[in-house]
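Student: Could you take me through the ligand site of this model in close detail, and then show me how it sits within the rest of the chain?

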Amino acid sequence: MNNSVQLVLRQIPSVNKILQDSVMKSIIADYGEKLVKISINSVLGEIKSNILNGLVDNIPNYDDIVNQIKVEVNSKALPSLRKVINGTGIILHTNLGRASLPENVLNQMQRIASGYSNLEFDLETGKRGSRYAHVAGLISKITGAEDAVVVNNNAAAVMLVLSTLASKGDVVISRGELVEIGGSFRVPEIITSTGGNLVEVGTTNKTHLNDYAEKINEETTALLKVHTSNYKVIGFTEGVSTQELHQLAKENNLPLIVDLGSGLLVDLSKYINYKEPTVQEMVKNSDIVTFSGDKLLGGPQIGVIAGKKKYIDKIKKNQLLRALRVDKLTLSSLEIILREYYLKDEKKLLASIPVLKKLTESSDNLEQKAKDLLIILKANNKLNLKIIEDYSKVGGGSLPGLELPTYLVAIKAEGISVNKLESRLRKIDIPIIGRTIKDYFCLDLRTIEENEYEIIKDGLCRIISN
Ligand SMILES: *Cc1c(COP(=O)(O)O)cnc(C)c1O
C-alpha cells in the first residue's frame, strides 16, 4: 500500500466519532445502537474498499457519510421479505407469493402461532393425535376422496406419491404431458428421481388409449396423468380421457395417479369462459390426485394428496412424509379455508376467498375501482393519468391462455421516464410492481385492494418529490 492511500484511509472518521454525532444520537434513539453500529461499519467498510480498489481517490465529505449511514439504517431496518403492491393483474403471481389469504385466516393463524394448540393431541382421548386429522376429513367431504394427507407443496406431493407407489417399476405417461412447470418442476426428472422408470407413450400432440395399453406389462407400477397447466397444445390434438384411463388402470390392477396442479374446488364455468377440471371430477375418475394449496384453491402453500384409502395408507407409512410435513400455521390456515369451501354458499365463498374474488370480479367493479384510484392519485399534479382497458392473466400455471377483461390506471410522471419510474417504485418501503405499456407505468385494479390506494399515492408522492 503506498503512502498516499494510507493517508486517505486515515481520514476516514472513526466509528466512535460518528456515534457521538448529534444526528446519529437521534437515530440511535429511534433504531438502537446495535443496528446503527452495523450500518456505520458497513458504510465505512465500503468507503475503505473503494479506496483500496482504486475506485475513488478521496473519502466523501462528512455530511455525505452521515447521509449514507442514514440510508443504510433505513434499509437495514426493513425485513427482506416485505409486502408489495401487485399491480400486474396476475392473480397467482408465483414471484409475488401466489394466493393472498382472507382476514379470518390471519386471525386464526395469530391465535395458533402465539400459544399452544392441539396440533397432535386428541382432545377426546387425551392421547397423541394426528396433525392431518384437522384437515383430512374436510378434504374428503369437499372432494369425495376416501382419505387425504397434505405436504409442503404439490411438487413434494407428486414425489411422495411416486416414491411410495411407483419407485420400483415403470410409470406410464403420455409424451404430451412431460412438461416443465415454472421453478424447475420437470415431470420426467421427478419420475426418475423417485426411482421410477419413465415409459413415454403416444406423441406430443396425440395419445390414444391403445398407446397406454400396449406399454403395460408386469413391470408397470402406475399410470400417471399430469395436467399440463401452463402449456397448451392446440390444433390437431387428441388425449385419452381420465375415465378411459381409469378403466384401463382398473383392468390391470394399477393405480391411476393424477397431478392436477391447480386445486380448483368450485366449477367456475358459470362465471368465466373456461373449462377447468375440478378436484371432485378427478377424484371420481382416478385413484390418487395431487394439487397445490396456493393456486386456484386460494389457500396457503401446501400439496394435497387425496384419493383411495388403500393408497393413502401406504403413503402415510412412507418416512418421507415426516420430512415433508407441514407446520401448525399452514395447517391452521388451510383448515379455515377448507371450512369456507365446506360450509359457505357458493356466492359467499366467491366473495370470501381472495383468489376466487379476483377471478370473478366484474368489469363494472374494476372500472369503478380504476376511477376511484385515479381520483386519489390526481391529488398529485405532477402525474399524468388515464384509465385504459386491457386483460389480466391468472398466472401460477393456472388457466393458461385465459384473458380477463380489466381496467388499468396508466401513469406518467413529469420529467421521469417510465423505466426510471418503474425502478424507483420497486425500491420504496412498500414496493409497487406494475406493467409497462409503451411509456406508461400501469396498475391493474384486479390485483389491487381498496385499502392499498393510499399506499400507492404515498409511494408515488415520495418518488415524485425526490
Ligand atoms: C404448479 C404445479 C406443480 C407444482 O406445484 P407447487 O405447489 O408449486 O409445488 C406440479 N404439477 C403441476 C401440474 C402444477 O401445475
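Tutor: Happy to: here is the ligand site, followed by a few other parts of the chain.

Please keep in mind that this is a predicted model. The shell around the ligand is made up of R98, N153, N154, A155, I181, F185, H227, S229, D259, G261, S292 and K295. Sorted by class, those residues come to 3 nonpolar, 6 polar and 3 charged. Two elements, α8 (154-165) and β8 (256-261), each contribute at least two residues to that shell.

Now for the polar distances. In R98, a polar side-chain atom sits 3.0 Å from a ligand oxygen. The backbone also takes part: an N or O atom of the A155 main chain is 2.9 Å from an oxygen atom of the ligand. On the nitrogen side of the ligand, an N or O atom in the D259 side chain lies 2.7 Å from a ligand nitrogen. As for cover, the ligand on its own has 380 Å² of accessible area, and the protein covers 93% of it.

A good next stop is D287, found in the loop that runs between α12 (279-284) and β9 (288-292). With a relative accessible area of 8%, D287 is buried, because the limit for that class is under 20%. Its side chain makes a polar contact of 3.4 Å with the side chain of H246. A polar atom of the D287 side chain also lies 2.7 Å from the backbone nitrogen of L256. Setting aside neighbours within four places in sequence, the residues in contact with D287 are H246, L254, P255, L256, A306, G307, K308 and Y311.

Further along the chain is helix α19 (residues 418-426), whose buried residues are V418, L421, S423 and L425. These buried residues pack against several elements: the strands β12 (404-413), β13 (432-433), β14 (435-437) and β15 (440-444), together with the helix α20 (453-465).

You may also be wondering about disulfides, and the count is 0. Take C442: its sulfur is 19 Å from the closest cysteine sulfur, which belongs to C461, so the two are too far apart for a bond. Seen from the other end, the closest cysteine sulfur to that of C461 is the one in C442, again at 19 Å and too far for a bond. The surroundings of these two cysteines can be described as well: C442 is buried, at 0% relative accessible area, whereas C461 counts as partly exposed, at 30% relative accessibility.

Finally, let us step back to the whole chain. The protein chain has 20 helices and 15 strands, and its C-alpha trace spans about 85 × 50 × 50 Å along the principal axes. Of its 466 residues, 48% count as buried. Among contacts with a separation of 6 or more, 74% join residues that are 24 or more positions apart. The accessible surface of the protein chain is about 23500 Å², and carbon and sulfur atoms account for 49% of that.

To return to your starting point, three contacts worth displaying at the ligand are those from the R98 side chain, the A155 backbone and the D259 side chain.

Terms used
Residues numbered from 1 in each chain as written. Predicted model: local features only at pLDDT ≥ 70, side-chain atom pairs only at ≥ 80, totals over all residues. Heavy atoms only, no water. Near = heavy atom within 4 Å. Polar contact = N/O pair within 3.5 Å; in protein donor to acceptor, adjacent residues only side chain to side chain. Areas by Shrake-Rupley, 256 points an atom, 1.4 Å probe, with all protein chains shown as cover. Helix = DSSP H or I, 4+ residues; strand = E, 2+ residues; numbered from the N terminus. Nonpolar A, V, L, I, M, F, W, Y, C, P; charged D, E, K, R; others polar. Disulfide = S-S within 2.5 Å. Buried < 20%, exposed > 50% of the residue type's maximum accessible area, 1.4 Å probe, protein only. Contact = heavy atoms within 4.5 Å.
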